[in-house]
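Visitor: Please take one part of this structure and examine it closely, then follow its connections outward. I should like to know which residues matter to the packing and how the charged side chains are paired.

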Amino acid sequence: EAEQVYETGLKNIPNSERLASSLGRLYLSLGQITVALDYYNEERLQSCNCASLYLDRAQLRAQAGKNQAALNDLSKALELNPELPEAWFWTGMLLSRQNQTTEALAAFKTAANFNTQQAAVWQQIAILQKQSGEQHSAITAIKRALRLEPDNYSLLQMYASLLEELLDQGDQRVMDTLSQTLLVMNGLFPKDYWTLAHLGTAVWQTGNEDEGRRLLQSALALKSDYTWPKTRKGHQDSHITKNHP
């Protein structure tokens, strides 16, 4: 019925960008990728000449693994609307897939300039900056993402991991922030083995060996094959034996 409504609307208003995009996304939401790709043919895109339709087809092509064709559609979308943040975002995603890190980062930063309220953009910026060894810049970016989605598990996990890297490099100043971040995660996700293991390590490093051991054991109880708590618990046991024979 929805399809019929959209088709009737397009017969009356053939150049409607909103109707055309809505019908295409209906096919996509139903998992009809082939039908959707056929729908976004050159005749339709040229008759409407709308940035959003090129963006729609780019996302479809990206899902089908046709990265270069998707990039071509994104270029066309940006010709029609250079301030379309979603097109810049997807350009960054595809360039990142092709290991064009510098170009991808530039695309994500442009997307952020046009829409500062999208956490996924800041997360991708942080990922690429981390890969480039720019840890402090990555932390700044992930904090921007967390302001938008403070309870997001993957964002909190990445933030904690970045802080751990700085700690491993000898920056003790991040310990309080790391501990507080992991405590927040433990409150939000109390049965998460990753959080328990990393919180246990942080607690142990602050001198509370018994609590650190308990948390590491709790992590192992949830996932016995997780190597982090096994390794850290082994280090802890060695440390305790050495200091308390």
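Guide: A helix, as the word is used here, is a DSSP run of H or I at least four residues long, and helices are numbered from the N terminus. The model is predicted. The close look begins with helix α6 and proceeds to its surroundings.

Lys-76 and Glu-79 both belong to helix α6, where they stand three residues apart, about one turn of the helix. An α-helix has 3.6 residues a turn, so residues three or four places apart point the same way. The two side chains meet in a salt bridge, with an N to O distance of 3.9 Å; the cut-off for such a pair is 4 Å. Lys-76 counts as partly exposed because its relative accessibility is 27%, whereas Glu-79, at 60%, counts as exposed.

Helix α6 (67–80) is also one of the elements against which the buried residues of α7 pack, the others being α5 (51–63), α8 (101–114) and α9 (119–131). Those buried residues of α7 are Pro-85, Ala-87, Phe-89, Trp-90, Thr-91, Gly-92, Leu-94 and Leu-95. Several of them recur among the contacts of Leu-74, which touches Ala-87, Trp-90, Thr-91 and Leu-94, as well as Leu-55 and Ala-58, when residues up to four places away in sequence are not counted. The geometry of α7 is as expected: its 13 residues (85–97) should span 18 Å at 1.5 Å a residue, and its end C-alpha atoms lie 19 Å apart, which agrees. Just after α7, Asn-99 adopts a positive phi of about 60°.

Leu-74 has a further role in the packing. Together with Ile-125 and Leu-182, Leu-74 touches the most other members of the largest nonpolar core, a set of 70 residues. Helix α11 supplies the largest share of this core, namely nine residues. Leu-182 leads in turn to Thr-195, whose contacts, not counting residues up to four places away in sequence, are Tyr-153, Leu-182, Met-185 and Asn-186. Thr-195 is located in helix α13 (residues 193–205) and is buried, since its relative accessibility is 0%. Its side chain makes a polar contact of 2.6 Å with that of Asp-192.

The pair in α6 belongs to a wider set, for the structure holds eight salt bridges. Another of them joins the side chains of Arg-25 and Asp-56, at 2.7 Å from N to O. Arg-25 lies in helix α2 (residues 17–29) and Asp-56 in helix α5, so this pair ties together parts that are 31 residues apart in sequence. The two partners sit in opposite settings: Arg-25 is partly exposed at a relative accessible area of 43%, while Asp-56 is buried at 4%.

A third salt bridge is formed by the side chains of Arg-173 and Asp-171, at 2.9 Å from N to O. Arg-173 is exposed, because its relative accessible area is 72%, but Asp-171 counts as buried at 13%. Salt bridges with shared partners also join Arg-57, Arg-61 and Asp-73 into one network. Arg-173 itself is found in the loop between α11 (153–168) and α12 (175–188). Its C-alpha atom lies 20 Å from that of Glu-209, a residue 36 places away in sequence.

Notes: Residues are numbered from 1 along each chain as its sequence is written. This is a predicted model: local features need pLDDT of at least 70, side-chain atom pairs count only at pLDDT 80 or more; totals for chains, interfaces and linings use all residues. Side-chain values use heavy atoms; hydrogens and water are left out. Helices (H or I, at least four residues) and strands (E, at least two) are DSSP runs, numbered from the N terminus. The expected span of a helix is 1.5 Å times one less than its number of residues. Buried means under 20% relative accessible area, exposed over 50%, partly exposed in between (1.4 Å probe, protein chains only). Contact means heavy atoms within 4.5 Å. A polar contact is a pair of N or O atoms within 3.5 Å; within protein, one must be able to donate a hydrogen and the other to accept it, and residues adjacent in sequence count only if both atoms are side-chain atoms. A nonpolar core is a set of buried Ala, Val, Leu, Ile, Met, Phe, Trp, Tyr and Cys residues joined through side-chain atoms within 4.5 Å.
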